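I opened this notebook to keep track of what I looked up, going from the whole chain down to single helices.

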Amino acid sequence: MKIRILPTTCLALAFAFSATSHGEAPPPTAVMTKARQTAMTPDDALSRLKEGNDRFVAGRPVRRNLLEEARITSAGQYPYAAIVSCLDSRTAPEQIFDQGIGDIFCARVAGNVVNNDIVGSLEFACKVVGAKLIAVVGHNSCGAVKGAVDRVELGKLTGLLERIEPAVETAEKQTGGTRSSLDNVLVERATIDNVVHQMQTILRKSKILSAMQDKGEIEIVGGVQDLKTGRVTLVKLKDDGHAKR
Ligand SMILES: [Zn+2]
């Protein structure tokens, strides 16, 4: 199976990435309908997320009537994207991507890690409900990543942090730094590597989602949110010939 992963070293290039929009995009205030969802491509979905993040960063979120959106979407939901992000109280996807009710699925867990339950949720989001994009979004200064770096052990958290361990080990090799959460370079690298590792885990665990991506029905991207500015640096998985396994 060919898996398309952009090398982590290319993450910085994401600043230059510009998603291409196909066709006429609905206004950001438009509640998602079956017709709108069906008409969207994965690139359209990424553009809509990116535009929402641009509005958030600019301090110009759209005005919404959330109660009205709740009323309309109560009849059915047609979200266009599924976000896997951290439990952190500063990283709510609906806010940082300026989305309304019924626009996106959100799976939140400390360290934006992926297990079978999260993958099953993503399969539901994409295969059953029709979402066109999966985004794994980490953030800087992540307590879970720092905890994994410091090998914190605490109840059930211990097992969760083990899911970040592969990324920490990769980051250690890349940076040659001392394994401590005080090493900002190591933590930053581990954060990026963790996002990529979780993206790879989704594709490895789910034949359904990897097949959908191979057919171009969905796209999987990664990103890292800057807590101070709200900016999410997105990375698109693409078959660039550099990272296949
Ligand atoms: Zn976090």
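The entries below go through the overall make-up, the core and then some of the helices.

Overall make-up. I am working with a predicted model, in which I found 10 helices and 5 strands. Of the 245 residues, 42% count as buried. I also looked up how far apart in sequence the contacting residues are: among contacts with a separation of 6 or more, 72% join residues 24 or more positions apart.

Core. I noted beforehand that in soluble globular proteins nonpolar side chains tend to be buried together. Here the largest nonpolar core has 56 residues, and A81, A82 and L133 have the most contacts inside it. Helix α9, residues 184–205, gives this core its largest share, 9 residues. For A82 I listed the contacts beyond its neighbours within four places in sequence, and they include I104, F105, A107, L122 and I134.

Helix α2. I checked the length of α2 (residues 42–58): at 1.5 Å a residue its 17 residues should span 24 Å, and the end C-alpha atoms are 24 Å apart, which agrees. Among the buried residues of α2 I wrote down P42, D44, L46, R48 and N53. Just after this helix, G59 takes a positive phi of about 75 degrees.

Helices α8 and α9. How do α8 and α9 pack, and at what angle? Helix α8 (residues 165–175) packs against α9 at about 130 degrees, with the axes 8 Å apart, and the two are therefore oblique to each other. Their crossing is right-handed. Where they meet, I found A167, V168 and A171 among the α8 residues, and L186, R189 and H197 among those of α9.

Methods: Residues are numbered from 1 along each chain as its sequence is written. This is a predicted model: local features need pLDDT of at least 70, side-chain atom pairs count only at pLDDT 80 or more; totals for chains, interfaces and linings use all residues. Helices (H or I, at least four residues) and strands (E, at least two) are DSSP runs, numbered from the N terminus. A residue is buried if 20 or more other C-beta atoms lie within 10 Å of its own, exposed if 12 or fewer, and partly exposed in between; C-beta atoms are placed from the backbone. Two residues are in contact if their C-beta atoms, placed from the backbone, lie within 7 Å. A nonpolar core is a set of buried Ala, Val, Leu, Ile, Met, Phe, Trp, Tyr and Cys residues joined through C-beta atoms within 7 Å. The expected span of a helix is 1.5 Å times one less than its number of residues. Axes are lines fitted to C-alpha atoms, for helices over the stretch in contact, and angles run from 0 to 180 degrees between N-to-C directions. Angles under 35 degrees count as roughly parallel, over 145 as roughly antiparallel, 65 to 115 as roughly perpendicular and the rest as oblique. A crossing is left-handed if the near helix is turned anticlockwise from the far one by less than a right angle, and right-handed if clockwise.
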